[in-house]
Amino acid sequence: MRTGAARGQAGHFHEAGFYRSDAEFGALIVPFAEEGIAAGEPVVLGYDDRKSALLRLWLTDPSAVEFVGDESLYAKPARAIAAYRRLFEFHVAMGAGQIRIAGDVPHPGNGGRFEGWDRYEAAVNTVWQDFPVWGRCLYDATTAPAAVLDVVERTHPRIVSPSGQRRESGRYQDALLFEGLQYAPDPLEGSPPAAELVNRPAADARHILAQIADGRVPATIVQDLLIGVTEAVTNAQHHGRPPVTVRIWAAPDRVVVTVHDTGPGPADRLAGLVPVPSSTPGQDLGMGLWVTHQLDLDVTLRHTSDGFTVRLRHLPRPSRPAATTGSPDGPPRPQRA
């Protein structure tokens with residue numbers, strides 16, 4: 001049986017909240033977690049060490065909460081979707097009538113990159129609909145860029161305030177209609193590529209890419225780039241339209257690859273984020289994109305009037321900024337519901 005605002009709802013209940021201080025963060029998350037604990041529901045929280053420490057201080061029984069502290073969970077959107085799905089399947093099998101989750105997705109305000117996570121926030125409205133999940137996504141309005149906050153309002157059907165008031169998001173867009181972040185060209189794309197191949201086999205692209213990438217990026221990243229370019233070229237040749245053009249750029253510590261064809265690309269807005277059922281037409285395209293999204297690469301899909309592009313690149317992980325909220329005397333203690 002579901003409790004709280006999600007009572008009577010079917011599937012995934014998805015809402016967002018915005019806060020400007022530790023006190024407001026606490027007001028949004030503590031009652032949410034405490035009500036779930038009191039109802040015997042699984043409560044899963046995925047925050048950094050600082051916020052997790054605050055929550056352990058604030059919550060009546062933090063041992064009843066599943067803290068997800070492994071940063072690898074939020075390394076890739078497709079991985080996060082798959083990992084959470086396995087977690088939901090486990091809890092449902094154990095008899096859970098509702099599962100409460102909350103956590104931080106990467107964005108510039110917390111030291112990450114939001115590219116790809118815009119699609120994630122839209123996709124979970126669909127891909128988790130089979131599970132009784134209540135997701136509350138909280139964003140710091142003092143650090144999240146305006147473009148991130150804009151996406152949040154368009155990917156969450158409901159908005160909740162620190163006071164507990166809830167409203168429908170008038171800007172919400174269905175996952176199939178959602179328009180994500182605009183494509184941001186990599187600085188290297190403004191220079192001549194180190195190599196350009198037109199209508200060449202995937203094996204040729206792998207060979208040239210291996211030569212260019214060797215010594216510039218770690219060997220494990222080279223392997224991921226080789227897998228990614230193989231999948232992208234194969235998909236373009238089988239499902240796109242010629243010419244299929246591979247461009248490779250390189251810097252001392254970075255490699256960027258684009259694979260472009262003149263076809264329309266996949267119609268599915270969730271392409272790459274979830275595996276495609278074996279009975280789905282064109283499943284090799286869907287599985288190829290899903291495999292690519294599992295790699296330790298930044299993967300961007302771009303639809304334009306002249307065709308479809310898959311961009312693969314290795315980006316060093318940004319460092320997290322220093323915390324700017326809280327006080328030396330300890331965090332404000334929110335009121336419990």
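Which handedness, left or right, does the crossing of α6 and α7 have? In this predicted model, the crossing of the two helices is right-handed. Helix α6, which spans residues 202–213, packs against helix α7, residues 219–239, at an angle of about 155°, and their axes lie 9 Å apart. Because angles over 145 degrees count as roughly antiparallel, α6 is described as roughly antiparallel to α7. On the α6 side, the contact is formed by Ala202, Ala205, Arg206, Leu209, Ala210 and Ala213, which meet Val222, Leu225, Leu226, Val229, Thr230, Val233, Thr234 and Gln237 of α7. By residue class, this contact of α6 with α7 comprises 10 nonpolar, 3 polar and 1 charged residues.

The strands of the model include an open sheet of 7 strands, arranged in the order β3-β2-β4-β5-β1-β6-β7 and with mixed pairing. The edges of this sheet are occupied by β3 (66–67) and β7 (166–168), each of which pairs on one side only. Within the sheet, strand β1, comprising residues 13–19, pairs with strand β5, comprising residues 133–140, in the parallel sense and over 7 bridges; in β5, Cys137 is the residue that stands opposite Ala16. Helix α3, formed by residues 77–93, packs on the sheet, where it touches β2 (43–46), β3, β4 (99–103) and β5, and the direction of α3 makes about 155° with that of β4.

Technical notes: Residues are numbered from 1 along each chain as its sequence is written. This is a predicted model: local features need pLDDT of at least 70, side-chain atom pairs count only at pLDDT 80 or more; totals for chains, interfaces and linings use all residues. Side-chain values use heavy atoms; hydrogens and water are left out. Axes are lines fitted to C-alpha atoms, for helices over the stretch in contact, and angles run from 0 to 180 degrees between N-to-C directions. Helices (H or I, at least four residues) and strands (E, at least two) are DSSP runs, numbered from the N terminus. Angles under 35 degrees count as roughly parallel, over 145 as roughly antiparallel, 65 to 115 as roughly perpendicular and the rest as oblique. A crossing is left-handed if the near helix is turned anticlockwise from the far one by less than a right angle, and right-handed if clockwise. Contact means heavy atoms within 4.5 Å. Ala, Val, Leu, Ile, Met, Phe, Trp, Tyr, Cys and Pro count as nonpolar, Asp, Glu, Lys and Arg as charged, and the others, Gly among them, as polar. Two strands pair if DSSP finds at least two bridges between them.
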